[in-house]
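Visitor: I am new to this structure and would like a close look at a single part, the sheet. Please take me through how it is put together and what packs on it.

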Amino acid sequence: MSYLLRVQLPDRPGSLGSLAVALGSVGADILSLDVVERGAGFAIDDLVVDVEPGSLPDTLITAAEALPDVTIDSIRPYAGILDTHRELELIDQVATAADDRLQVLVDGAPRVLRVGWSVVADLGPRGAYRVVGSSGAPETHATDIPWMPLEKPTALDGEGDWVPRVWRDMNTTLAAAPLGATGRVLMLGRPGGPEFRPSEVARLGYLAGIIATVLG
């Protein structure tokens, strides 16, 4: 069983080693690490850890937060594929797809950006509509999206009036980025959080911009 942990820890030598030892003491192995953000004296990291079947995620939280100034922002099951060049692979997959390139994009974006689902939305005569969605995208569509067209990548208000009730009930955090000058957006949903960090929004924007160029 694997879990994805978002951890805030002191940005100083030895912090990550201490965390690895603490997690190892409860039978967890760190499989991968992504630095999400760095600030004044702290770092936000995403860790994928492997634990024994039947192990409770609470034990990971207790072990990590026993360390000084370490906080678990979120923990959720992880079933993704580990790799170190996720964005490049997705861009290549979109570029080489014979058809349905937008579907290839939304199917790959959740793995690349570590979210629950993704959709491409556009504006039509009757308002916003979903062009394509990933397999995990909610069946309930957002049809009144006041912030479209979008000029820059943005973390969205998950409690806004435009957000379908079922999305809010699942505490879904949201972010979106324009797909070039097409008027379309790539929107991400992360049921249960955590909130999108500024660095994640910027990463989404870079990816959407490159994909827009590939799509022509």
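Guide: A definition comes first: two strands count as paired if DSSP finds at least two bridges between them. The strands themselves are DSSP runs of E, at least two residues long, numbered from the N terminus. The model shown here is a predicted one.

With that in hand, take proline 10, which stands opposite phenylalanine 42 in β3. Proline 10 belongs to strand β1, which covers residues 2-10. Strand β3 covers residues 42-50, and 9 bridges join β1 to β3. The two strands run antiparallel.

This pair is part of an open sheet of 4 strands. Read across the sheet, the order is β2-β3-β1-β4, and the pairing is antiparallel. The edges are held by β2 (29-38) and β4 (71-77). Each of these has a single partner strand, so one side of β2 and one side of β4 are left without a neighbour in the sheet. On average, neighbouring strands of the sheet are turned by 20 degrees against each other, with direction ignored.

A helix also belongs in this picture. Helix α2, residues 57-65, packs on the sheet and touches β1, β3 and β4. The direction of α2 makes about 160 degrees with that of β4.

To return to the starting point, phenylalanine 42 in β3 is the residue opposite proline 10, and the β1 and β3 strands are among those that α2 touches.

Methods
Residues numbered from 1 in each chain as written. Predicted model: local features only at pLDDT ≥ 70, side-chain atom pairs only at ≥ 80, totals over all residues. Heavy atoms only, no water. Axes fitted to C-alpha atoms, helices over the stretch in contact; angles between N-to-C directions. Contact = heavy atoms within 4.5 Å.
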